[in-house]
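Subject: Structure handover

Hello,

Here is the structure we talked about. Please open it and keep it on screen while you read my notes below.

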Amino acid sequence: LSAPSRAAPTISQGRVFVITVDNRLIAHDATTGNVVWDHGGLIESAGLLGAASPATDGSVVVSGYSSGEIHGLRIENGTSVWQDSLAPVRRLGMMASLADIEAMPVIADDVVYAIGHAKRFLAIDLRNGTRHWQRNLGSTSTPVVAGDFLFLLSNENELVAMTRRDGRILWVVALPRYEDEEDREDPIVWTSPVLAGGRLILAGSDETVLEIDPSNGAVLTEWESRNPVIIDPVVVDNTLLLLDESGTLTAYQ
């Protein structure tokens with residue numbers, strides 16, 4: 001690669017798509033590893049540590065860069081279909097102004113749901129780039145799409161439920177932000193939510209795992225993991241997988 005990558009590759013239609021830290025999307029042939037095409041965004045001097053993997057429906061690949069740019073590109077040749085930006089309109093401060101996109105875009109029913117760190121959440125038509133709606137929400141966690149609804153964890157540790165059609169907020173639940181709330185010490189980092197078994201599941205760096213009712217935001221169950229968890233949980237075959245900070249992978253039935 002021309003530069004390091006901090007995001008997992010995405011594989012589709014015989015292509016392996018990799019985003020590098022210098023804001024380039026490189027498409028490799030999955031069989032030979034040869035570069036088929038590459039696309040470059042604006043260079044950004046400051047950004048978050050992670051990155052967002054590309055998303056694709058098999059015909060268009062969507063990439064978000066640390067500059068806040070988001071592009072829809074033809075999967076076969078990298079031709080631009082549309083482009084937009086999640087960068088802030090006004091610079092409000094060092095951290096608040098970081099335009100980085102660390103949450104992976106989500107594609108559902110030809111609509112791209114993309115959220116950036118700098119409080120811009122867009123629903124974009126996959127085919128032509130038209131905006132369906134925009135909301136002033138910022139996050140580094142990948143949204144969950146389920147039926148007619150969206151669920152996401154904001155930068156303020158608020159779990160938010162929204163409608164997909166118009167981005168209307170249905171409920172908001174404030175999650176703990178500090179282990180010591182009184183002195184505001186030891187910040188808690190929560191993972192992106194995962195929807196399984198009729199509940200939203202989130203893990204925290206304070207060893208807490210929450211199971212939340214997606215219909216109203218009520219906490220159904222709270223239990224402790226073996227160690228702090230900061231990597232998003234995965235559910236497969238009715239099994240919840242948690243990788244904690246000690247490097248231990250634990251499966252829960």
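Start with strand β2 (residues 15-20) and strand β3 (residues 24-29), which are antiparallel and joined by six bridges. One pair to look for is Arg15, which stands opposite Asp29 in β3. The two strands form a hairpin, with three residues between β2 and β3. In that turn, Asn23 has a positive phi of about 60 degrees. Bear in mind that this is a predicted model.

Now follow the chain onward. β3 also runs antiparallel to strand β4 (residues 35-40), and five bridges join them. Ala27 has Trp37 in β4 as its bridge partner. This is a hairpin too, with five residues between β3 and β4. Gly33 sits in the turn and has a positive phi of about 85 degrees.

A general point helps here. Strands of a sheet pair through backbone hydrogen bonds, either parallel or antiparallel.

Next comes an open sheet of four strands. Its order is β5-β6-β7-β8, and the pairing is antiparallel. Which strands are at the edge? They are β5 (55-56) and β8 (80-85), and each pairs on one side only. Further in, strand β6 (residues 60-64) and strand β7 (residues 69-74) share five bridges. There, Gly64 stands opposite Ile70 in β7.

Now two single residues. Ser12 is in strand β1 (residues 10-12). Is Ser12 buried or exposed? Its relative accessibility is 12%, which is under the 20% cut-off, so Ser12 counts as buried. Leaving out residues up to four places away in sequence, Ser12 touches Phe17, Thr56, Gly58 and Ile75. Of these partners, Phe17 belongs to β2, and Thr56 belongs to β5.

The other residue is Val209, in strand β21 (residues 208-212). Val209 has 0% relative accessibility, so this residue counts as buried. Ser12 and Val209 are 197 residues apart along the chain, and 33 Å separates their C-alpha atoms. Beyond its neighbours within four places in sequence, Val209 is in contact with several residues, including Ile201, Leu202, Trp223, Ser225 and Leu242.

Leu202 leads us to the nonpolar cores. The largest one has 15 residues. Those with the most contacts inside this core are Phe151, Trp171, Leu175, Trp190, Leu202 and Ile212. Several strands each supply at least two residues of this core, among them β14 (149-153), β16 (169-174), β20 (199-203) and β21. A second, separate core has 13 residues, including Ile115, Trp133, Leu137 and Leu150. Back in the largest core, try selecting Leu202. Its contacts include Leu153, Leu175, Trp190, Val209 and Ile212, with residues up to four places away in sequence not counted.

Last, the empty space. Rolling a probe the size of a water molecule over the atoms shows where such space is left. How many cavities of 30 Å³ or more does a search of the whole structure find? The search finds one. The volume of the largest cavity is about 30 Å³. Ser225, Arg226, Asn227, Val229, Leu242, Asp244, Thr250 and Tyr252 line this cavity. Three lining residues are nonpolar, three are polar and two are charged. Ser225 and Leu242 appear in this lining, and both are also contacts of Val209.

Best wishes

Key
Residues numbered from 1 in each chain as written. Predicted model: local features only at pLDDT ≥ 70, side-chain atom pairs only at ≥ 80, totals over all residues. Heavy atoms only, no water. Pairing = 2+ DSSP bridges. Buried < 20%, exposed > 50% of the residue type's maximum accessible area, 1.4 Å probe, protein only. Contact = heavy atoms within 4.5 Å. 1 Å grid on protein atoms, 1.4 Å probe; cavity = no way out; pocket = protein on both sides within 12 Å on 5 of 7 lines; lining within 4 Å. Points joined across faces, edges and corners; volume = space filled by probe spheres on them. Nonpolar A, V, L, I, M, F, W, Y, C, P; charged D, E, K, R; others polar. Core = buried A, V, L, I, M, F, W, Y, C linked by side-chain atoms within 4.5 Å.
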